[in-house]
Amino acid sequence: MKGRIHKRMIRRLAAIAMLLTCASLGVFFILSALRENIVFFLVPSDIAPIKASEDELEGKGNGESLVGRRIRLGGLVVEGSLMQDATSGEVSFTLTDGQARVAVSYRGLLPDLFREGQGVVAIGEITSRAPDKRGRATFRAERVLAKHDEYYMPRGLEKSLKKRSLWREQP
Amino acid sequence: MTVEIGHYALVLALCVASALALLPSLELCGFFSKKDTNDSAQPSISANPDMSPIYALSRPLACALFLLCLFANAMLIRAFLLSNFSVLLVWQHSHSQKPDLYKFAAMWGNHEGSMLLWVLVLSTFAALIAFFSRTTRLNQLTLAIQSGICALFLAFTLFFSNPFARLYPSALDGQGLNPILQHPALAIHPPLLYMGYVGLSAAFSTTLAGLILNDLHTDWAKSTRVWTLVAWSFLGAGITLGAFWAYEELGWGGFWFWDPVENASLMPWLLASAGLHALMSYIKTNSLRSWAILLVLLAFSASLLGTFLVRSGVLVSVHSFASDPLRGIIILLCVSLITGSSLCLFAWRRLADGDKTASTEDKPASDRRISLLSREAGQFLNILLLSCCCALVMLATLYPLFFEFFTGNTLSVGPPYYANVLTPFFLLLVAILGLLPVLGWGGSSLSRVKRYIFWVAPIACGGGLAMLVFARTSATVAIAVALGLWALVGALRTRSSKHARGARFAHAGIAILLIAVACASLTDIEKFRKMSLGERITINNALSSTTLELQDIFARTGTNYQERVARFAFIEKDGKSLSPSRRVYHPSKIETTEAAIDRNIYRDIYITIATIKRNASKPSSELDDSLSVRVQLKPLMFWVWIGAGITVFGGILSLLPNRASGRRRLP
């Protein structure tokens, strides 16, 4: 009798150990998948142009280099910056948060509510943080989102604009 | 005037709902009781139809509750249809020039109106419970809990989001509905989705009542299954319509974006699917009861959580409504109250049961040894996988919230996370699906399973290989197609199948969905170019090629919009053309992209156009003859809708009485 219980205990313990191992492996893979696919919301001054030597960024992105990482970039479209390539149809525009500027290039259709002077979110990756001719970092967008409804403002951008007291209420 | 009557109806409804919720406690306090109340733990009582006379009130009251809510809704709809701009809500969300269908739909295209609809659906289910179930203690308590939830939301509607608030002085014309919502699919999407979300409340109430009475037996399982099935079907239909709307209206060519709001509707669906399978297992073999209870409770909690996420606007979402933090907090309080209390009760019952189960006669079968090759084992794995999927979706949906709360940084989780993490679970799920026809309740012989695998596996592998060789797709798509075929053959096989009719349809639908989604989202091709009049664009994959010519660009005026249309003619097919456009809606000056889609059973061609606008103040009126064009080729896109439709149909079919048992009433 005692031996049987003992055996059962061992079997149960083994099963529990197996289960725990599998579960922790699973959790590990899932968390790493989550970590890899986190898309930070940044504003232009977070990715202000810097010299090649110091492309580490404190605070955001756990100190990793942000170049080549997928991010969401929120900012206001600078008036008069929207340009379209005549043959390829590729568009480019400048995003700002009042401090820094980022040149965004995008191959695709701009959203319905895209306007110069308004807030948009570009999803894509930073191609270079070395300043271009006009002192901007460059960003390649895969998708551009504008306000979904009349009152919508990307939340991260609103916060950041308020911090720099550049926020103005929508009319 | 009618608006105030609607408001009063809502107040009355709150009183009625509270009264209904309090009926059982009145009885407990000793009012109206004829006989001495026995120990409620005895299941024999719950079968006793002659209960305290006070319950004679419950049906009229439930009926009154439903009618009052219906009346309040009708009054609001009337205000919308008549464009009564002295009502704040109508002024904010409607416009006199809008087509009637969208005036009607505008009622639930906003927070207050949709809460009113939510309450209506809650009361509908209360009435259904009152009228379609026998008067047993369990059902009476179910009704009371349902009314309690209804009262909670009625109070929320009245005190924090009153849809009947007036605007003084009244306006001449409304501000217009967000034109992106002007689509027939969206006119019926919210009611369907709400029937699903709220339908889960009926299953929740039944389960909570059972937990309180400690009376969770076959009766409970059968009626819970019916409610869950109803909700599951509606939810599936609602999600499908939402995806269809996004595909047609957003102009991105995608139909699912793993957006928090979409996830919010997916989570209850996953949990309800898992719950259905657990309930089935309990009904057939007396196993997995705790899972069934837990999943039913969680499914409704997930739908409440979804409401919170959508309504409070705490998440960064493309679907975000303009939001009010106070409402968010109140909804969160309601959610935690309902969820927390039910889960605590469940835990307490489990702990209390823990000592007893060893001695009771109907020992749960979970202690019995379950054969690996049995239906129960399949169901159990299925439940585990579905719950895991839900947990993974929830993790990624809530993670940004916690992250922002603790660190202040805003982030979101990219779609690749969902694709990477969910794909293995889903593929495994479908692999099990294919085995179901040979797995019987209680166990099957190994040789039979082997014979079946040898028969089906070649078909599945053949399909996968064909995809690799002829369509030159990636390995993931080939595996998805192989597994899809594997499950499809399993579901369609009629000879000596252990499947019920409805389940077979639902599973076939899921298999079709897997194949179609894999092909449409992983093998699609996109071309983007600037085009002038007379230019041609060709889009082709390994199996087909289409050439389109930009023939014409012209302006057109619709009921409440003006649009700029481009006409593309198919070169291969004479006379056929596609006309995508850009619309500007009148009251709001909002522009939308109207995609043009050519569908057939092999592929969708999806065209959107854009013009460059320099500034908001200078509208793009100058009609130049070139525009940016995006053409997408989406293989098997049509079958995404068919697959989803068949799945929902399977749910409805399961609701119909089976050949053998033609029972009308709920147990």
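**Exercise 1. Work out which residues of helix 9 of chain B meet helix 18 of chain B in this predicted model, and how the two helices are oriented.**

Step 1. On the side of helix 9 of chain B, the residues that meet helix 18 are Val226(B), Leu229(B), Val230(B), Trp232(B), Ser233(B), Gly236(B), Ala237(B), Thr240(B) and Phe244(B).

Step 2. Their partners in helix 18 of chain B are Trp641(B), Ala644(B), Gly645(B), Thr647(B), Val648(B), Gly651(B), Ile652(B), Ser654(B) and Leu655(B).

Step 3. In interpreting such lists it helps to recall that an α-helix has 3.6 residues a turn, so residues three or four places apart point the same way.

Step 4. The axes of helix 9 and helix 18 (residues 637–655) of chain B are 9 Å apart, and the helices pack at an angle of about 165°. Because angles over 145 degrees count as roughly antiparallel, helix 9 of chain B is roughly antiparallel to helix 18 of chain B. The crossing of these two helices is left-handed.

**Exercise 2. Determine how helix 9 of chain B is placed against helix 10 of chain B.**

Step 1. Helix 9 spans residues 218–249 of chain B and helix 10 spans residues 260–285, and their axes come within 9 Å while crossing at roughly 150°.

Step 2. With that angle, helix 9 of chain B is roughly antiparallel to helix 10 of chain B, and the crossing of the pair is left-handed.

**Exercise 3. Describe the nonpolar core and the burial of helix 17 of chain B.**

Step 1. Chain B has 18 helices and 11 strands, and buried residues make up 50% of its 667 residues.

Step 2. The largest nonpolar core holds 234 residues, and those with the most contacts inside it are Ala13(B), Leu65(B), Ala126(B), Ala511(B) and Ile515(B). Leaving aside residues up to four places away in sequence, Ala13(B) touches Leu65(B), Leu68(B), Cys69(B), Ala72(B) and Leu154(B).

Step 3. Helix 17 of chain B covers residues 501–522, and its 22 residues reach 32 Å from the first C-alpha to the last, close to the 32 Å expected at 1.5 Å a residue. Since 18 of these 22 residues are buried, helix 17 of chain B is largely enclosed by the rest of the structure.

Step 4. As for links along the chain, 75% of the contacts in chain B between residues at least 6 apart in sequence join residues at least 24 apart.

**Exercise 4. Identify where the backbone has a cis peptide bond or a positive phi in a residue other than glycine, and say how exposed Asn214(B) and Asn286(B) are.**

Step 1. The background is that most residues other than glycine have a negative phi, and most peptide bonds are trans.

Step 2. The peptide bond from Tyr168(B) to Pro169(B) is cis, with omega near -5°, and Pro169(B) sits in the loop between helix 7 (137–160) and helix 8 (184–213) of chain B.

Step 3. Asn214(B), which is not a glycine, has a positive phi of about 55°, and its place is the loop between helix 8 and helix 9 of chain B. With 14 C-beta neighbours inside 10 Å, Asn214(B) counts as partly exposed.

Step 4. Asn286(B) has a positive phi near 65° and belongs to the loop between helix 10 and helix 11 (289–312) of chain B. Having 18 other C-beta atoms within 10 Å, Asn286(B) is partly exposed.

Technical notes
Residues are numbered from 1 along each chain as its sequence is written. Chains are lettered from A and ligands numbered from 1 in the order in which they are written. This is a predicted model: local features need pLDDT of at least 70, side-chain atom pairs count only at pLDDT 80 or more; totals for chains, interfaces and linings use all residues. Helices (H or I, at least four residues) and strands (E, at least two) are DSSP runs, numbered from the N terminus. A residue is buried if 20 or more other C-beta atoms lie within 10 Å of its own, exposed if 12 or fewer, and partly exposed in between; C-beta atoms are placed from the backbone. Two residues are in contact if their C-beta atoms, placed from the backbone, lie within 7 Å. A nonpolar core is a set of buried Ala, Val, Leu, Ile, Met, Phe, Trp, Tyr and Cys residues joined through C-beta atoms within 7 Å. The expected span of a helix is 1.5 Å times one less than its number of residues. Axes are lines fitted to C-alpha atoms, for helices over the stretch in contact, and angles run from 0 to 180 degrees between N-to-C directions. Angles under 35 degrees count as roughly parallel, over 145 as roughly antiparallel, 65 to 115 as roughly perpendicular and the rest as oblique. A crossing is left-handed if the near helix is turned anticlockwise from the far one by less than a right angle, and right-handed if clockwise.
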